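Reader: Before I set up any calculations, I would like one careful look at a single part of this model, taken step by step. Please begin with the backbone and then move on to the pocket.

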Amino acid sequence: MTQPSTPGNEPALYVVATPIGNLGDMVPRAVEVLQTVDLIAAEDTRHSSRLMDHFQIRTPLVAYHDHSDERQVQSLVERLQQGQNLALISDAGTPLVSDPGYRLVRSARQAGIRVIPIPGACALIAALSASGLPSDRFSFEGFLPPKTGQRLNRLQPLAAESRTLIFYEAPHRIEDCLKDMGATFGASREAVLAREISKTFETIRGGTLEELQAFVAADPNQRKGEMVVMVRGQDKAAEQTLDAEAARIMTILLESLSVKQASQIGAEITGLKKKALYQWALEQQEHRG
Ligand code: SAM
């Protein structure tokens, strides 16, 4: 059975996706719901007023953040309990996906309020769908920490992950991010950079992490706009020889020891075969040039 496209008798919180660049991606049901609800909770009311004007949506807006105080969340839930219909939107794409909404949706559901998703644009799904990377299983990792040390700490446990990895990244950090990914996953790991999806300068570029790094370094335009980085998961054969912890240990050892010494000590620590560690270390060095 299809869901009602506009609010019915039972009050509901509508979680409405909005475009990630191209206003033509706004679905008619989203417009209809936003025009009909009593109030729209928006991440940034000024930002959203442009969308509202474009689609002639006259519904009042109220600012909502996950760090809004508890009273505001409660007051929105009370409105729902009193029978009003509310919509939740973020600046772009699907709310709650690296965007506010979690606390409101959770509180509404806990209060027994019906929560209805209005599906639409989402950068990670759009990027994955055009990437050519395996899409049967993937892991969305959101934004990485801005500082290199913390970023490496987040990346290291993902080195042996076999699912496609998806990250959001800011343009001024893309070079450092690709560099750290190359150092952790190996420079030859396949990756895809999806930039400015649905906008004029949309670019979807695949290659090894090393090639993507060079591509971004060579062209300042590739360091502008909004971007999604996708990395192919580790293939099964490699995964058997080196898990994330072993890769972490080897990376540390290789900082101060030769490949031979690192593989010998690495083998003692991890219990893995010296030859496999030696091979892995050589590949890492090759890719780092
Ligand atoms: N909720 C949004 C969604 O559904 O995708 C994501 C919001 S998050 C704050 C913003 C990040 O999403 C950007 O920094 C970028 O990584 C990614 N993004 C948003 N729009 C994009 C676009 N048009 N092209 C590529 N990436 C985009």
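**From a loop to the largest pocket**

Author: Gln 56 sits in the loop that runs between α2 and β3 (61-63), and this is a predicted model. Most residues other than glycine have a negative phi. Gln 56, which is not a glycine, nevertheless has a positive phi of about 50°; with a relative accessibility of 54%, Gln 56 counts as exposed, because the term applies over 50%. A second case is Leu 96, also a residue other than glycine, whose phi is positive and near 75°. Leu 96 is placed in the loop between β4 (86-89) and α4 (102-110), and its relative accessibility of 32% makes it count as partly exposed.

The helix α2, which bounds the loop of Gln 56, leads on to the pocket. Four residues of the lining of the largest pocket come from α2, and this is the largest share; α2 (45-54), β7 (164-169) and β10 (227-231) each supply at least two residues of that lining. In total, 31 residues line the largest pocket, and those nearest its centre are Ile 20, Asp 91, Ala 92, Gly 93 and Glu 226. Sorted by class, the lining comprises 15 nonpolar residues, together with eight polar and eight charged ones. The space within the largest pocket comes to about 710 Å³. As for its position, the largest pocket lies between domain 1 (12-121) and domain 2 (124-237), because both domains give residues to its lining.

Note on methods
Residues are numbered from 1 along each chain as its sequence is written. This is a predicted model: local features need pLDDT of at least 70, side-chain atom pairs count only at pLDDT 80 or more; totals for chains, interfaces and linings use all residues. Side-chain values use heavy atoms; hydrogens and water are left out. On a 1 Å grid over the protein atoms alone, a cavity is a set of points where a 1.4 Å probe fits but cannot get out, and a pocket is an open set with protein on both sides within 12 Å along at least five of seven lines; lining residues have an atom within 4 Å of a point. Grid points are joined across faces, edges and corners, and a volume is the space filled by probe spheres set on the points. Ala, Val, Leu, Ile, Met, Phe, Trp, Tyr, Cys and Pro count as nonpolar, Asp, Glu, Lys and Arg as charged, and the others, Gly among them, as polar. Domain bounds come from an automatic or database domain assignment. Buried means under 20% relative accessible area, exposed over 50%, partly exposed in between (1.4 Å probe, protein chains only).
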